[in-house]
Amino acid sequence: MTVKEVFDYLEREVAPVKLSDDFCAQFKMYDNSGIIINCGNEVSGALFTLDLTEKAVSKAAELGYNLIVTHHPAIYGGISKFDLTANPQARAIAECLKKGISVISMHLNFDAAPNGIDYYLMCGLGGKNGKCAANPQGGGYGRVYETEPLALSELANKVAERFGTQRALVYGDENKKISKIASFCGAGCDEYNISFAAKNGVDAFVSSDMKHHEILALTGMGIAVIVLTHYASENYGMHQIYLKIKDGLKTPSTYFTDKELL
């Protein structure tokens with residue numbers, strides 16, 4: 001397979017980059033999804049992972065793979081210089097170029113896909129058929145849904161086990177019964193989403209990268225809060241996407257998790 005053929009397969013089986021473009025246009029956001037590096041060679045294997053890091057590049061090289069598929073864009077904004085002495089991201093990109101490793105990044109389109117990363121965060125928390133906070137054409141992001149009633153302490157234990165993390169922060173009465181959750185993968189907390197959660201009568205709010213005043217607002221309304229690491233909130237869903245599409249890839253593939261970031 002060529003890099004373009006892998007990219008076309010991901011757009012067809014998961015979500016097209018157009019979904020990211022539409023999301024950005026609708027909500028005044030920015031993204032850089034697509035083929036980031038194309039070395040022009042036949043794909044020997046694909047490493048799927050959340051971020052382009054030196055660890056990921058080393059793992060791909062160890063396996064003899066010359067393609068990395070990331071969730072977060074390998075290059076997000078404009079690049080004015082490459083300082084390989086101080087910038088790990090620049091080193092990872094430079095290693096890809098030296099080793100002939102191409103990179104595809106699928107960001108907001110994978111977040112908001114009908115069966116995307118935000119959808120799988122809901123599934124991991126025990127929900128289904130969620131009501132979406134944002135509805136870009138052909139997708140959705142941020143979900144409210146009912147779950148099996150659990151005490152907050154029980155839900156926290158379930159989160160730690162399901163998402164493979166011991167770094168979740170939990171705010172609220174540990175005995176509070178949770179039966180309706182709002183969840184947003186990545187940095188999904190803002191005033192609009194807090195209002196959306198409150199209007200829908202949720203018992204708990206789950207996201208990552210949350211600010212103190214946001215946590216204060218939610219707990220002040222009696223809504224419990226679980227703050228995942230950004231990595232944990234998205235790695236589970238990215239892995240589920242990989243499991244769904246890996247058998248259709250006409251090339252060897254592996255999923256890489258950086259457990260230090262969970």
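A pocket is here an open set of grid points with protein on both sides within 12 Å along at least five of seven lines. In the predicted model analysed here, the largest pocket so defined has a volume of about 400 Å³. Its lining comprises 20 residues, and those nearest the centre are Phe 23, Met 29, Tyr 141, Ala 187 and Gly 188. By class, twelve of the lining residues are nonpolar, five polar and three charged. At least two lining residues come from each of α2 (17-27), α5 (108-112), β5 (131-134), α8 and α10.

The second largest pocket has a volume of about 150 Å³. Its lining is formed by Ala 74, Ile 75, Tyr 76, Ile 79, Ser 80, Lys 81, Phe 82, Asp 83, Asn 87, Gln 89, Ala 90 and Ile 93. This lining divides into seven nonpolar, three polar and two charged residues.

One cavity of 30 Å³ or more was found in the structure. The space in the largest cavity amounts to about 40 Å³. Thr 49, Leu 50, Asp 51 and Thr 53 contribute to its lining, together with Tyr 231, Phe 256, Asp 258 and Leu 261. Four of the lining residues are nonpolar, two are polar and two are charged.

The largest nonpolar core contains 70 residues, among which Leu 10, Phe 48, Ile 104 and Phe 205 touch the most other members. The greatest contribution to this core, seven residues, is made by helix α10 (residues 230-245). A second core, separate from this one, has 16 residues, including Val 57, Tyr 65, Ile 68 and Ala 74. Ala 74 also belongs to the lining of the second largest pocket. With neighbours within four places in sequence left aside, the contacts of Ile 104 include Val 3, Val 6, Phe 7 and Leu 10. Further contacts of Ile 104 are with Gly 34, Ile 35 and Ile 36, and with Leu 67, Ile 68, Val 69 and Thr 70.

Helix α2, which supplies residues to the lining of the largest pocket, has Val 17, Leu 19, Ser 20, Phe 23 and Cys 24 as buried residues. These buried residues line one face of the helix, since they fall within an arc of 155° when seen down the axis of α2. Lys 18 and Ala 25 are exposed on the other side of α2. The cover over the buried residues of α2 includes α1 (3-13), β1, α5 and β6 (141-151). Phe 23, one of the buried residues of α2, is also among the residues nearest the centre of the largest pocket.

Gln 26 likewise lies in α2 and is partly exposed, with a relative accessibility of 44%. In sequence, Gln 26 and Pro 136 are 110 residues apart, whereas the C-alpha to C-alpha separation in space is 7.2 Å. Outside its neighbours within four places in sequence, Gln 26 is in contact with Asn 135, Pro 136 and Gln 137.

Helix α9 (residues 212-220) has Glu 214, Ile 215 and Leu 218 as its buried residues. These residues lie on the same side of α9, because the arc they cover around the axis is only 95°. His 212, Leu 216 and Gly 220 are exposed on the other side of α9. The buried residues of α9 pack against two kinds of element: the strands β7 (169-171), β9 (204-208) and β10 (224-228), and the helix α8 (191-199). Just after α9, Gly 222 has a positive phi of about 80°.

Most residues other than glycine have a negative phi. Lys 28, which is not a glycine, has a positive phi of about 55°. This residue follows α2, in the loop between α2 and β1 (34-37). The relative accessible area of Lys 28 is 78%, and the residue is therefore exposed, the cut-off being over 50%. A positive phi, near 55°, is also found for Asn 129, a residue other than glycine. Asn 129 is located in the loop between α6 (117-124) and β5. With 72% relative accessibility, Asn 129 counts as exposed.

Technical notes
Residues numbered from 1 in each chain as written. Predicted model: local features only at pLDDT ≥ 70, side-chain atom pairs only at ≥ 80, totals over all residues. Heavy atoms only, no water. 1 Å grid on protein atoms, 1.4 Å probe; cavity = no way out; pocket = protein on both sides within 12 Å on 5 of 7 lines; lining within 4 Å. Points joined across faces, edges and corners; volume = space filled by probe spheres on them. Nonpolar A, V, L, I, M, F, W, Y, C, P; charged D, E, K, R; others polar. Buried < 20%, exposed > 50% of the residue type's maximum accessible area, 1.4 Å probe, protein only. Helix = DSSP H or I, 4+ residues; strand = E, 2+ residues; numbered from the N terminus. Arc of directions from axis to C-beta. Contact = heavy atoms within 4.5 Å. Core = buried A, V, L, I, M, F, W, Y, C linked by side-chain atoms within 4.5 Å.
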